[in-house]
Amino acid sequence: QLFHQIGNAVANRFWAANVPPSEAIAPTSGSRERRRFLVAKYREGKYRRYHPLFGNQEELDRALCAAVTTSDLAETQALLFCGAAVTCATGDPRCPSPLALAERSGQRLQMEFLLHNKTSGPPRLGWWVTLGWPERAGLPSTILCRAEFSRRWCTLQDGVLSYYENDRNAVPNGEIKVEEIVCLVNNPPHAHGSPFPPSRRMESTFEVYIESERLYLFGLESPDSAREWLKSIAKSFVHPRAEELLALDFERIGRLHYKGGLSLERAKEGWFALAGSALHVCFEDSERQEPLQLRKLQELCACPCPSLGGRGGGGVPPNPAPSSWAGLAGRTLYIQGERKLDFLGWVHAIQKAAGSAGDTLSEQQLTESDVPLLVDRCIDYITQCGLTSEGIYRKSGQNSKTTSLLEMLRRDARSVRLKEGEHQVDDVANTLKRFFRDLGDGLFTGRWGQDWLRATALEDEEAKIDEYRRLLGTLPTVNRATLKALINHLFRVQRFSGENQMNTHNLAIVFGPTLFQTDGKDYKAGRVVEDLISHYVKIFNVNDQEMKKQQDEIMAIMKMREAASSGTQQAGDFICTVYLEEKKTEAEQHVKIPATMTAEELTFEILDRRKIVMKEKDYWSCFEVNEREEA
């Protein structure tokens, strides 16, 4: 039964998916050619169809656990021979292995397949090679000293990366033309070592993707040698106008198509390099590379879309090329891949780099003003829905809801939308407090925290304000921006103390121990917060325009609350910032928008406020702009 289900036809769709015509065998092929072909096909996995999750051990294992509970043997085959572990942990104590999962699901053929492959390791990925610099000057070449690996001698010369059986062979086993390379990936240490026994693991590996949807994996024992080879190969295929990218400590570099700006009709070719949380791009019409801070994206989405037409003309192929788009400040950038194999790697890497990476402030997803998106989301919600809530920040929300919300925001604050009715004010307030209490290195930092506490001993008020301002300047950029945003918010909260019962002193009692991460016994922590709120304008150099903007927002919120309490507010009223002609602080107005207000009424409201008289043949239009600043 197993043979009928996964016979030659099914097997070859995986094992022989990428056989080049020059290496295929024919009925007339001799035994030597057939042996070479079978070794390359099954032992080395040279021609196989790579699974989309290839290279991600955790995801491969998780997918295998799901596949064995179904009748899809082809998927199980692809997962196993692209690196999934037959004996991986399932996380289910009742069914600790994929075999046990298959048995519980009644999948007898899956059980049979797993048993046959219980002792099989994945085939060697591409060519396992150690690379090094020769002692003599000249082109890089290599010899592997460990017998457990397939040893290859490699050279990079005249735009061709060739690999030989050994250094005495004149004819290469194969070669890669650098003009065919579309992407290089520098893997983290031991990224591809887990499926292999210790004697066969390589510390450093890098991947080479070419236009024909082929992937070559090279392994080395020295990270420095890997970096040198990677730089040499990159220099040989990256366009001269993108040479700036070679100076970066990149994780991934290659060419992709993109659309952006005012022209979305034609996709252009650009060069991209991912380094840390920044995506560096050399656009087609620019001579300098531009770094895009991925943690500051307003939105990130991966989706299928029509691919580019071929060289001979337009048209959409049967299988659309994947694409992704990133919402940046003031624009949207569409990135498109022609080849699924390397582009899925780009999508995964960009998504990972755009997420939060740790528990310190600088590792969070950020707004354009360097405030963690998690903090911005919570403050914005409480400003809209909780300024008049009695005991705000003093009352505790439900612990389970706080934990769940904090986990979601930490994982990807960009995708979380806090909505009235779905989220309770006290739960959101408690989430914000817990974030600061658990923050790695704290808001005031371990280095400067004690200096802030000592500043409270200064008796002269002006001297103390000066010291606070000095200490503010010592904080990292993200910490400084976050502190200003939080104190600005608390300054607003205490303006509503008549309703919420949270004056400056009460807020300081709550936030002092939270921000300094203390047990609450040291009164100086609360004193610092109280001073920062009381002297907010001086310490943070808040100018008249900022104060007026804040006053307008507070007044608008108060009017809305008064209307709501008197029963005169109509359902759907909300506060909106409207800009006149251009997005500048001096051109903005905060307006209460009733559900029944039309665009014409809103336009006349703004013109009336700015005392602009309508003249004959004057035409004014009103546009709604979404979060990605698209009208």
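Here is a chat between a biologist and a modeller about a predicted model of one protein chain.

Biologist: Let's start with the big picture: how many helices and strands does the chain have?
Modeller: Of the chain's 631 residues, 48% count as buried. Contacts with a separation of 6 or more are 60% between residues 24 or more positions apart. As for secondary structure, the chain comes to 21 helices and 15 strands.

Biologist: Let's zoom in on helix H5, residues 73–80. Which of the residues in H5 are buried?
Modeller: Buried means under 20% relative accessible area. H5 is mostly covered, with 6 of its 8 residues buried. By name, they are Leu 73, Thr 76, Gln 77, Ala 78, Leu 79 and Leu 80.

Biologist: And which helices do the buried residues of H5 pack against?
Modeller: One partner is H7, which packs with H5 with the axes 10 Å apart. H2 is another, and its axis is also 10 Å from that of H5. The full list for the buried residues is helix H1 (2–5), helix H2 (8–15), helix H4 (57–67) and helix H7 (108–116).

Biologist: What about the start of H5: which backbone nitrogen does a side-chain oxygen of Asp 72 reach?
Modeller: Look where H5 begins, and find the side chain of Asp 72. One of its oxygens comes to within 3.4 Å of a backbone nitrogen, and that nitrogen belongs to Ala 74.

Biologist: Are H5 and H7 roughly parallel or roughly antiparallel to each other?
Modeller: Two packed helices are described by the angle between their axes and the distance between the axes. For H5 and H7 the angle is about 25°. Angles under 35 degrees count as roughly parallel. That is why H5 and H7 are roughly parallel.

Biologist: How many nonpolar, polar and charged residues does the contact of H5 with H7 have?
Modeller: On the H5 side you'll find Leu 73, Thr 76, Gln 77 and Leu 80, and they meet Leu 109, Gln 110, Phe 113 and Leu 114 of H7. By class, that gives 5 nonpolar, 3 polar and no charged residues.

Biologist: Now H2 and H5: is their crossing left-handed or right-handed?
Modeller: These two pack at an angle of about 35°. Val 10, Ala 11, Phe 14 and Trp 15 of H2 make the contact with Ala 74, Gln 77 and Ala 78 of H5. By class that contact has 6 nonpolar, 1 polar and no charged residues. As H2 passes H5, the crossing is right-handed.

Biologist: Let's move past H7 to Asn 117, in the loop between H7 and strand S1 (153–157). Which residue's backbone oxygen lies 2.9 Å from a polar atom of the Asn 117 side chain?
Modeller: Asn 117 counts as buried because its relative accessibility is 11%. Leaving aside neighbours within four places in sequence, Asn 117 is in contact with Leu 80, Phe 81 and Val 86. The backbone oxygen you're after belongs to Phe 113.

Biologist: Further along are H10 (residues 373–385) and H12 (residues 425–437). Are they roughly parallel or roughly antiparallel to each other?
Modeller: Their axes come within 10 Å and cross at roughly 150°. Angles over 145 degrees count as roughly antiparallel. So H10 and H12 are roughly antiparallel.

Biologist: How do the residues of the contact of H10 with H12 divide into nonpolar, polar and charged?
Modeller: H10 brings Leu 374, Val 375, Cys 378, Ile 379, Tyr 381, Ile 382 and Cys 385, which meet residues of H12 including Val 425, Thr 431 and Phe 436. They divide into 13 nonpolar, 1 polar and no charged.

Biologist: Over in strand S5 (residues 204–210) sits Thr 205. Which side chain does the side chain of Thr 205 make a polar contact with?
Modeller: At 2% relative accessibility, Thr 205 is buried. Its C-alpha is 4.3 Å from that of Gly 219, although the two are 14 residues apart in sequence. The polar contact, at 3.0 Å, is with the side chain of Asn 187.

Biologist: Last one: does Glu 581 count as buried or exposed?
Modeller: Glu 581 is in the loop between strand S14 (574–579) and strand S15 (588–593). Its phi is positive, about 70°, although it is not a glycine. Exposed means over 50% relative accessible area. With 73% relative accessibility, Glu 581 therefore counts as exposed.

Key. Residues are numbered from 1 along each chain as its sequence is written. This is a predicted model: local features need pLDDT of at least 70, side-chain atom pairs count only at pLDDT 80 or more; totals for chains, interfaces and linings use all residues. Side-chain values use heavy atoms; hydrogens and water are left out. Axes are lines fitted to C-alpha atoms, for helices over the stretch in contact, and angles run from 0 to 180 degrees between N-to-C directions. Helices (H or I, at least four residues) and strands (E, at least two) are DSSP runs, numbered from the N terminus. Angles under 35 degrees count as roughly parallel, over 145 as roughly antiparallel, 65 to 115 as roughly perpendicular and the rest as oblique. Contact means heavy atoms within 4.5 Å. Ala, Val, Leu, Ile, Met, Phe, Trp, Tyr, Cys and Pro count as nonpolar, Asp, Glu, Lys and Arg as charged, and the others, Gly among them, as polar. Buried means under 20% relative accessible area, exposed over 50%, partly exposed in between (1.4 Å probe, protein chains only). A polar contact is a pair of N or O atoms within 3.5 Å; within protein, one must be able to donate a hydrogen and the other to accept it, and residues adjacent in sequence count only if both atoms are side-chain atoms. A crossing is left-handed if the near helix is turned anticlockwise from the far one by less than a right angle, and right-handed if clockwise.
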